[in-house]
Amino acid sequence: MSWIKEEDMRAIRQQADIVDVLSHYLSLNKKGKNYMAVCPFHDDHDPSLSISTDKQIFKCFVCGTGGNVFTFVQKIENISFPEAVVKVAEMIGYPLRIEAPVMKEQSAEQPYYDLMQSYIQFCAYELQSEDGFLCMQYLQKRHIHEDIRKRFEIGYAPMDERSLHYFKAKNYATKDLLDTGLVHEGQQGMRATFFNRLMIPIHDDQGHPVGFTARKLSDMDQGPKYINTAQTKIYEKGNLIFNYHRAKNFARKNERVILVEGAMDVLAFEKAEIHESIACLGTACTKAQILLIKALKVPVVVCYDGDRAGQDATYKFSILALENNVAMQIVKNPTEKDPDEIFESGGASALKNLVHKTISLAEFYLDYLSRKYDLENYEDKRKFVQIMEDCIRKTCTDFEKSTYFARIKEMTGFDLSLNEPKNTSQPEVKYRKVPMLLERPKDGRKQAEQSCLNMILLSKEAALRFKEEIGFFKDELCNQMSYYCYDIYRYQNRIDFDKLISKIDEEDVRNFLLALLSDPFRMTKYDEKFFLDSVNKIRECTYQEQIDLINQKIIQSVDNQEKLELARQKREWIIKKNGLRKEG
C-alpha cells in the first residue's frame, strides 16, 4: 500500500458514500437511516446485507461478510485492495496520485495475456493501414464508429505473412503462439490462425484478453462467417461470456443484463447506447456461464433472434436459468431479424423499443410449448401441462398463477388450480429465518477482552500496558487482532481504521473487527478507568480459572499431602482475587 498515500486513501474513504458505491452493484432499500440489500456473497433470498450510513460500513448478518467501501469493491470485483481503492477513486472522480502501478502478483497465464494484448494492438494498428481499408469501410457501413472501436479494441488481421512477420519481429516463442491459438501448424508450415478478418477480442470475466471472434468481410469470401479461437490454455469457450467484464457494472446499475447471441448483437446495443448486453458467442449456455450471470444478481432479458433457432436457444437457456433460480424475461421479437439488423433498419429507437417489450417466461412457454407439443395428443398434452406447471409455480405470483391456470384449463382441460393448497381458517404465520451467526451471550472474560481490545484500538498507551501486564488474549480473534494493532503502533501513535482493515488478510478477523466497530454500545473515546477495570476483570477471570483447575486436581488426588499443597495454592489464588476486588 506504500504507493497509495494514506491521506489519499483516507480522503477517498471520506468522500465516497458507501450507499452510492454499493448502488452500482446492488438494489438498496432504505430502512430507517440505513439500507438493506440482498447479499451478493451467499445464496441470499431475503435482504440480509445491512449498510450503515453513519459508520460507512456493510455487514451481512447471515454469512458474516462485512467491510467498508473498499473491501466491498475488492470482494465483489475479485480484485486486490489497492485496485479497489483505485476503482472507488474513479467512481467518485477523486484525483488519485499513484506512485507505482497497480500490480497483482504475476500469474502463470500473464505472459499469454501480454501476448494477446500485443496482437490486439497490432490488429488495431493494421485497421488504420492501407490493407485495413476494406475492413474500416465495413465497420463504417455497420455504424461501428471510433468510440466503439476503441472501447472494444476492434482491429483487422492482415494476410498471413504480415502476422507471422510481426510475431518473428517481436521474438515470440512458437510454443506461446501455439498455446494461445494465434498460429497453427499447416501443411506448409506455421500459419497465422486469423487473416483478412475483422477482429473482435474476447476477454474473461476479469478483463484478461484470451481470444478472438473473427468475422469475414464479405459473404463472397471463403470460409465460415465467424471463426472463434479454439480451446487453449487461457480460452475455454464454455467458461467465457463476451463483454461480461464491461457490462457487469452497467447491469447492476440498470438492474438488468441483456443476453444476446453474438458479438455483433452486443455491438448493436452499444450503438444504441445500451451497455449491459452480453453474449455466449452462439453456444448453448453452460453451467459456468449461468453462474457468472447469476453472480450479477439482476434479471436476465433474453434477446435472441426472432427465428426458430433463436426461440429454441431461448428455451434451452430458460431450462438452465430455472434450475439455478435466475430470474428472466423474454424480448418479444415478432420479426426474424437479429438486434443488429433491427438497429440497421430502425436505428437506436427501434432497438430500445424492442428490448422494452418483454414477456414473462410463462407467457413464452405457453406460445413455444403449444407449438412444440401436439395438444390433440394426450401424452404430448400431459407433458405440456407438467412443464407449464413447473414454470408457473417457480416464476409466477399468486395472481399470475390463477390467470395462467385458467388459460391452461381452457387449452387442455387440465385444472391445475386443484393442486393449490387449501386456505385454512387460521392465517399463515411466516417466520423469518433465524440468522446463522447469532452469538451466544458473552461470558465475563470474553466481554472484558473485547472491551480491552476496543481501548487498544483507541490508545497506544493501552496497547503497551496490556502487552506488558497481561501479554495475550485468551480469545483467538482478539489475540490475532491485537497483533495487527501492535504492528501499527510500532510506527504510528494512532490507528487509521482504513489502513487497519486493508492490512487484515483473514476474513474472520476482519469481520470480527467490523462487528466490534458496529456495536452501538461501543465506546469511541479512550477511558482509562474503564480500561483498568476491564484489565482487572481479565485478571480476576484468570485467577478464578486457576482456582477451578486446583479444585479439579483436589477431587482427583488420593494423596493427602498433595491435597494440602493444592489447598495452600488455592488459598494464595483466592487472596490475589480478593485483592483485586479491594483495589476496584
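I258 stands opposite V301 in β14, where a strand is a DSSP run of E of at least two residues, a helix is a DSSP run of H or I of at least four, and both are numbered from the N terminus. Strand β12 (residues 257-260) and strand β14 (residues 300-302) are paired in the parallel sense over 3 bridges; two strands count as paired if DSSP finds at least two bridges between them. The model is a predicted one, in which local features need pLDDT of at least 70 and side-chain atom pairs count only at pLDDT 80 or more, while totals for chains, interfaces and linings use all residues. Residues are numbered from 1 along each chain as its sequence is written, and side-chain values use heavy atoms, with hydrogens and water left out.

On its other pairing, β12 is joined to β13 by 3 bridges, and these two strands run parallel. Here L259 stands opposite I278 in β13. The side chains of β12 are split between two directions: V257 and L259 point one way, I258 and V260 the other way, and all are buried. Buried means under 20% relative accessible area, exposed means over 50%, and partly exposed lies in between (1.4 Å probe, protein chains only).

These strands belong to an open sheet of 5 strands with the order β13-β12-β14-β15-β16 and mixed pairing. Its edge strands are β13 (277-279) and β16 (358-359), each of which pairs on one side only. Helix α11 (residues 263-271) packs on this sheet and touches β12 and β13, and its direction makes about 175 degrees with that of β13. Contact means heavy atoms within 4.5 Å; axes are lines fitted to C-alpha atoms, for helices over the stretch in contact, and angles run from 0 to 180 degrees between N-to-C directions.

Ahead of β12 is the loop that joins α10 (244-254) to that strand, and E255 has its place there. E255 has a positive phi of about 60 degrees although it is not a glycine. At 44% relative accessibility, E255 counts as partly exposed.

E153 can be described in like terms. This residue lies in the loop between α7 (146-151) and β6 (155-157). E153 is not a glycine, yet its phi is positive at about 55 degrees. With a relative accessibility of 24%, E153 counts as partly exposed.

The strand after that loop, β6, leads to β9: 3 bridges join β6 to β9, and the two run antiparallel. In β9, the bridge partner of Y156 is L198. Strand β9 (residues 197-203) is largely enclosed by the rest of the structure, because 7 of its 7 residues are buried. A further 7 bridges join β9 to strand β10 (residues 209-216), again running antiparallel. I202 has G211 in β10 as its bridge partner. The hairpin of β9 and β10 has 5 residues between the strands, and in it G207 takes a positive phi near 90 degrees.

Another open sheet has 5 strands in the order β1-β2-β3-β4-β5, with antiparallel pairing. Strands β1 (29-31) and β5 (66-68) stand at the edges with a single partner strand each, so one side of each is left without a neighbour in the sheet. Neighbouring strands of this sheet are turned against each other by 25 degrees on average, direction ignored. Within the sheet, 3 bridges join strand β2 (residues 34-37) to strand β3 (residues 49-52), which run antiparallel. Y35 has I51 in β3 as its bridge partner. Helix α3 (residues 69-77) lies across β3, β4 (57-60) and β5, and runs at about 120 degrees to β5.

The second largest pocket has a volume of about 790 Å³. On a 1 Å grid over the protein atoms alone, a pocket is an open set of points with protein on both sides within 12 Å along at least five of seven lines, whereas a cavity is a set of points where a 1.4 Å probe fits but cannot get out; lining residues have an atom within 4 Å of a point. Grid points are joined across faces, edges and corners, and a volume is the space filled by probe spheres set on the points. The pocket is lined by 30 residues, of which K297, V298, N325, V326 and A327 lie nearest its centre. At least two lining residues come from each of α12 (287-294), α13 (308-323), β15 (328-331) and α16 (378-395). The lining divides into 15 nonpolar, 7 polar and 8 charged residues. Ala, Val, Leu, Ile, Met, Phe, Trp, Tyr, Cys and Pro count as nonpolar, Asp, Glu, Lys and Arg as charged, and the others, Gly among them, as polar.

E376 is placed in the loop between α15 (361-372) and α16. At 76% relative accessibility, E376 counts as exposed. The C-alpha atoms of E376 and T412 are separated by 8.8 Å, and the two residues are 36 residues apart along the chain.
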